[in-house]
Amino acid sequence: MSWLKISTRSRYALRFVVEVASQDIVRGQMEHRGRIFISIREAANRQDISWRYLEQVAPALISDKILESVRGPTGGYRLARPANKITVADVLRSTEIALSSITCVDSPGECDRQARCPTTRFWQGLSDAVGQYLESVTIADLLQETDREGLPIFQPNQPATVKPKRPRGRPRKYPLPGAEPQKAN
C-alpha cells in the first residue's frame, strides 16, 4: 500500500545527505571533525540527480544544521553532525511542509469537526507511528542497508569523481606543444 506521498524534493534531499555521508566513509574520515567536503556535482553525478536541483535543496539542509558548506575550489558539503545523529525525520522536516497527510493532525483546530470526529485519533495514531519510525532511522542506518541476498548495498570502494567536462568550441588549429596531433575525419 503506497498512500504516503513524499515529495521528489525530500527524496532527493535524503539521497544527497546519504551520498555526503557515504563519501566521508569512503575517504576514511570516520571522525566528525576534520572531514573533507564533497562537491555538489560529485554528489549529483553519483546519485544521478541534477546538481542545479540539489543547489535548491541544499539551503534548507544547511539552515537545519544537517549539512554545512564552504565555497571555493576545495569547498563543498559535509555533514554538520555525525551520521548516527541525523535521522530521516530531520531531513524530511527540512524539506516538507508537513510530514502528515491529514490536515487535522498537522493543524489542530483548523477542522471544526475534530472534537466530535471518530477518525481523529486514528489519524493521530498513524501520524505518530510514522513519525516514530522516521525518528528511529538514522543516516548511518541507511548506509548499513543490505540487498535481498544480504550483501551491503553501500560498498565503500573509491571516492566519487566528477565527470570530465566536454570540450567547448572548435578544436585548435595548431595543437599545443607535446600534444598528439588530431586526426582529420
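**Figure 1. Helix α3 (residues 51-63) has the length expected for its residue count.** At 1.5 Å a residue, the 13 residues of α3 should span 18 Å, and the end C-alpha atoms lie 19 Å apart, which agrees. The expected span here is 1.5 Å times one less than the number of residues. Helices (H or I, at least four residues) and strands (E, at least two) are DSSP runs, numbered from the N terminus. This is a predicted model, in which local features need pLDDT of at least 70 and side-chain atom pairs count only at pLDDT 80 or more, while totals for chains, interfaces and linings use all residues. Residues are numbered from 1 along each chain as its sequence is written, and side-chain values use heavy atoms, with hydrogens and water left out.

**Figure 2. A closer look at α3 shows a kink and an N-terminal cap.** The kink, about 35°, sits at V57, shortly before the proline P59. The bend at a residue is the angle between axes fitted to the seven residues ending there and the seven starting there. At the N-terminal end, S50 acts as the cap: a side-chain oxygen of S50 is 3.2 Å from the backbone nitrogen of R52. Such a polar contact is a pair of N or O atoms within 3.5 Å; within protein, one must be able to donate a hydrogen and the other to accept it, and residues adjacent in sequence count only if both atoms are side-chain atoms. L54, V57, A58, A60 and L61 are the buried residues of α3. Buried means under 20% relative accessible area, exposed over 50%, and partly exposed in between (1.4 Å probe, protein chains only).

**Figure 3. The whole protein, for orientation, has seven helices and two strands.** Following the sequence, you will meet them in the pattern α-α-α-β-β-α-α-α-α. Of the 185 residues, 31% are buried. The protein exposes about 13,300 Å², with 51% of that supplied by carbon and sulfur atoms; accessible areas come from the Shrake-Rupley method with a 1.4 Å probe, and for residues only the protein chains shown count as cover. Among contacts (heavy atoms within 4.5 Å) between residues at least 6 apart in sequence, 66% join residues at least 24 apart.

**Figure 4. The largest nonpolar core brings together 31 residues.** A nonpolar core is a set of buried Ala, Val, Leu, Ile, Met, Phe, Trp, Tyr and Cys residues joined through side-chain atoms within 4.5 Å. F16, V17, L61, L67, L79, V91 and I139 have the most contacts inside this core. At least two core residues come from each of α1 (8-26), α2 (40-47), α3, β2 (76-79), α4 (88-95) and α7 (139-143). Helix α1 gives the most, with seven residues. To follow one member, look at V91: leaving out residues up to four places away in sequence, V91 touches A13, L14, V17, L61, I66, I86 and I139. Another member, L79, belongs to strand β2 and is buried, with a relative accessible area of 1%. Although L79 and V17 are 62 residues apart along the chain, their C-alpha atoms are separated by 7.5 Å.

**Figure 5. T95 in helix α4 has a polar partner in V91.** A polar atom of the T95 side chain lies 3.3 Å from the backbone oxygen of V91. T95 is buried, with a relative accessible area of 9%. Not counting residues up to four places away in sequence, T95 touches R9, S10, A13 and V57; V57 is also the site of the kink in α3.

**Figure 6. Q47 is a buried residue of helix α2.** I40, E42, A43, A44 and Q47 are buried in α2, and the relative accessible area of Q47 is 18%. Aside from neighbours within four places in sequence, Q47 is in contact with R15 and E19. Q47 and Y12 are 35 residues apart in sequence, and their C-alpha atoms are 8.6 Å apart in space.

**Figure 7. D48 takes a positive phi, as does K65.** D48 comes just after α2, in the loop between α2 and α3. Its phi is near 60°, a positive value in a residue other than glycine. D48 is exposed, with a relative accessible area of 69%. K65 comes just after α3, in the loop between α3 and β1 (67-70). The phi of K65 is about 60°, again positive although K65 is not a glycine. K65 is exposed, with a relative accessible area of 57%.
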